[in-house]
Amino acid sequence: MSYILDGPATGQGTTFVCVPGRLDGRPPPVGAPRGEIVEWCPEQRVVTRLELTPEVWTTTIDFADAGGGGTQIAITLTHEPCGGGSARQRLQRAGLQRMMRRTVDAELAKIPDHIDQADHRADESSGQNSDRLGDRPEL
């Protein structure tokens, strides 16, 4: 997934476009799903809400000190169907659970890239150059 933020700041109220795959410099397609950061507590919690026609996805990422300089990360993905009856929702539940697992696993795999980007931003703000960047992936 690629997330393109609307505006220069990141924080509560920031909107974004969510696009499957990489954009590699292309603009997001017209009609791409839009979301919003609904909670932003730096170094503690980020909550996003992505509204699609038949459903709403909420992702919560919580950060906590894990001792020894590490960080514990908890990701919660919530799905709210916006239509269909309860029988239909029950039938779709197993497929949704598999999809949610794949989504969380894919996002966890991106964590090293997120860390590299954060290190790069820290290097830039301190005036240092880092040669470990190359082409940074879209996240």
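1. In this predicted model, D105 forms a salt bridge with R101, and the closest N and O atoms of the two lie 3.4 Å apart. Both residues belong to helix α1, which covers residues 86-109, and because D105 and R101 are four residues apart there, about one helical turn separates them. The acidic partner, D105, counts as partly exposed, with a relative accessibility of 38%.

2. How many salt bridges does the structure hold? The number is six, and the pair D105 and R101 is one that can be followed in detail. Another is formed by R45 with E39, where the closest N and O atoms are 3.6 Å apart. Both of these residues are partly exposed, R45 at 28% relative accessibility and E39 with a relative accessible area of 27%.

3. A further salt bridge links R22 with D24, with 3.1 Å between the closest N and O atoms. Here the two partners fall into separate classes of accessibility: R22 counts as partly exposed at 43%, whereas D24, with a relative accessible area of 52%, is exposed because the limit for that class is over 50%.

4. The strands deserve a careful look, since the sheet is open and is formed by six of them, in the order β1-β2-β3-β4-β5-β6, with antiparallel pairing. Its edge strands are β1, residues 2-6, and β6, residues 71-81, each of which pairs on one side only. From one strand to the next the twist averages 25 degrees.

5. Within that sheet, strand β4 (residues 45-51) and strand β5 (residues 55-65) run antiparallel and are joined by seven bridges. At one place along this pairing, E51 stands opposite V56 in β5.

6. Where is H79 placed? The residue is in strand β6, which is one of the two edge strands. H79 counts as buried because its relative accessibility is 19% and the class requires a value under 20%. The side chain of H79 makes a polar contact with the side chain of E55, at 2.9 Å. When neighbours within four places in sequence are left aside, H79 is in contact with E55, V56, W57, L96 and M100. One of these contacts, V56, is the residue in β5 that stands opposite E51.

7. T14 offers a second buried site, this time in a loop: the residue is found between β1 and β2, the latter strand covering residues 15-19. Its relative accessibility is 9%, so T14 counts as buried. The side chain of T14 reaches the backbone oxygen of G11 at 2.9 Å. Apart from neighbours within four places in sequence, the residues in contact with T14 are L5, D6, A9, G35, E36 and I37.

8. Which of the two cysteines considered here, C18 or C41, is buried, and which is partly exposed? C18 is buried, with a relative accessible area of 2%, while C41 is partly exposed, with a relative accessible area of 26%. As for disulfides, a pair of cysteine sulfur atoms would have to lie within 2.5 Å, and by this rule the count comes to zero.

Key. Residues numbered from 1 in each chain as written. Predicted model: local features only at pLDDT ≥ 70, side-chain atom pairs only at ≥ 80, totals over all residues. Heavy atoms only, no water. Pairing = 2+ DSSP bridges. Axes fitted to C-alpha atoms, helices over the stretch in contact; angles between N-to-C directions. Salt bridge = Lys/Arg side-chain N within 4 Å of Asp/Glu carboxyl O. Buried < 20%, exposed > 50% of the residue type's maximum accessible area, 1.4 Å probe, protein only. Polar contact = N/O pair within 3.5 Å; in protein donor to acceptor, adjacent residues only side chain to side chain. Contact = heavy atoms within 4.5 Å.
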